[in-house]
Amino acid sequence: MVKEKDVQFCPNCGSTNIRDSELVPIGDPLKKVAFYGWDCLDCGYTGKDFFIVSGTEHKKILKEKFHKK
């Protein structure tokens, strides 16, 4: 039996068209505190809260939250 592949997607639009982001500043830019995150190439959202779920769960979330087929 083949294991289902996990999918990482944008919490803003549901897209899987994402990439590792540059440093995202946190708070005071002079302190240079930041974290690595991801960028959505479809809607431009940047953050570290991109979800990773099974392919089946991703389809379910798209249907329920983003109303896509």
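Here are a few questions and answers about strands and aromatic rings in this predicted model.

Q: Which residues make up the covered face of strand β1?
A: Strand β1 covers residues 6-9 and has two faces. Asp6 and Gln8 sit on the uncovered one. That leaves the covered face to Val7 and Phe9.

Q: Which residue in β5 is the bridge partner of Asp6?
A: Strand β1 is joined to strand β5 (residues 51-54) by four bridges, and the two run antiparallel. Asp6 belongs to the uncovered face of β1. Its bridge partner in β5 is Ser54.

Q: How many residues apart in sequence are the parts tied together by the pair of Phe9 and Phe51?
A: Searching the whole structure turns up three aromatic pairs. In the case of Phe9 and Phe51, the ring centres are 5.5 Å apart and the planes sit at 45°, so the pair is tilted. Phe9 lies in strand β1 and Phe51 in strand β5, so the parts this pair ties together are apart in sequence by 42 residues.

Q: Is Phe9 buried or exposed?
A: A residue counts as buried when its relative accessible area is under 20%. Phe9 has a relative accessible area of 2%, so Phe9 is buried.

Q: What is the angle between the planes of Tyr45 and Phe50?
A: Ring pairs link Tyr45 and Phe50 into a cluster with Trp38. Tyr45 is partly exposed at 26% relative accessible area, while Phe50 is buried at 6%. Their rings form a tilted aromatic pair, 5.7 Å centre to centre, and the angle between the planes is 40°.

Note on methods. Residues numbered from 1 in each chain as written. Predicted model: local features only at pLDDT ≥ 70, side-chain atom pairs only at ≥ 80, totals over all residues. Heavy atoms only, no water. Buried < 20%, exposed > 50% of the residue type's maximum accessible area, 1.4 Å probe, protein only. Pairing = 2+ DSSP bridges. Phe/Tyr/Trp six-rings, centres within 6.5 Å; stacked < 30°, edge-to-face > 60°.
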